[in-house]
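Here's a quick walk through one model, starting with a helix and working outwards. Have a look at the structure first.

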Amino acid sequence: MTDIYDLAGRNGATLRDEVAATVDLEASLSDLLGRHNRRHRKQLVAGLTAAAAAVAVVAAVAVTRDPGMTEPLPAPSPTTPAPSHDFACTEGPSVQCLPGGRVRVDAARPFTLVPPTGFASEVSVGRAGTELYRDDTELGSGVAFIDDALPARRNKHLDAEEFARWIAASPYLDADTPQRTTVAGRPAWQVRVSAPGAPGDQRFACNQAGSPCWPVTATPRGRELPPWETGPWKGMANRYTFIDLPGGATFGIWSWAFGANWAAIDANEELIGTLRIQTP
């Protein structure tokens, strides 16, 4: 499965390690994500064209349709309610497609989501957690769910409030005052963040590899490897949300969008609002 870095690499770019000194990395990755999203939109248009042709045939032999409907959908079966979205779920090793449009992720603390319209069908489970990408924004946007979020380069867990306040205090980031909120029926803390610049020294960049992002969250990778770091890139809009879970774990949500697209960040809340976490 892919993450935001693999997405760039799969398009033939060596953004993080080979050309950090000579290329506008944020613009390059934004372009790649834009092409990725446009490809999804072309597929969507082709699918809608085929669907429209099928509807026309059905209409020719008479379809009973509710006058209030805006789309020519068939009447739902009495035992199978029609889903309220058009997300085409794709199963993977840790991803299950459930009835009603739900997606289950078998993480250390399993959780479910109901992706709304606007998200691509791949649910990526990788180094940065579980990621979903929007396919309706030009420069790229998405949400990463981290079931055991760690503060980057810290030796201990932080609870939800501590995590949000630690990010807000970063000298490298611009942040609003952290706010209390509720997610998945649980108390949570949220902070809005942007990066006025990119790391000029790879020692301060994500994974110390020249990635143009500031390390904020980290996900464990076992005893043999250090945790994988992710964080804001210059030109991104970011909203972090943290939820305290039983046993001392902190569930993290990173909502991001290139081009300072705060409207996309707000739209991502529709997905985040469907989150349900399974705990003992």
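## The inner face of α3

In this predicted model, the buried residues of α3 are A160, F163, A164 and I167; buried means under 20% relative accessible area with a 1.4 Å probe, protein chains only. Looking down the α3 axis, these residues sit within an arc of 95°, so they line one face of the helix. The arc is taken over directions from the helix axis to the C-beta atoms. Helices (H or I, at least four residues) and strands (E, at least two) are DSSP runs, numbered from the N terminus.

That buried set packs against β7 (150-151), β10, β11 (217-219), β13 and β14. At the N-terminal end, D159 caps α3, with a side-chain oxygen 3.2 Å from the backbone nitrogen of E161.

## The cores

The largest nonpolar core has 25 residues, of which I167, L173, Y240 and F242 touch the most other members. Such a core is a set of buried Ala, Val, Leu, Ile, Met, Phe, Trp, Tyr and Cys residues joined through side-chain atoms within 4.5 Å. α3 gives the most to this core, with four residues. A second, separate core of 22 residues includes V123, F145, I243 and I253.

Beyond neighbours within four places in sequence, F242 has contacts (heavy atoms within 4.5 Å) that include F163, I167, W189 and F251.

## Ground rules

Numbering runs from 1 along each chain as its sequence is written. Local features need pLDDT of at least 70 and side-chain atom pairs 80 or more, while totals for chains, interfaces and linings use all residues, and side-chain values use heavy atoms, leaving out hydrogens and water.

Definitions and conventions:
Buried < 20%, exposed > 50% of the residue type's maximum accessible area, 1.4 Å probe, protein only. Polar contact = N/O pair within 3.5 Å; in protein donor to acceptor, adjacent residues only side chain to side chain.
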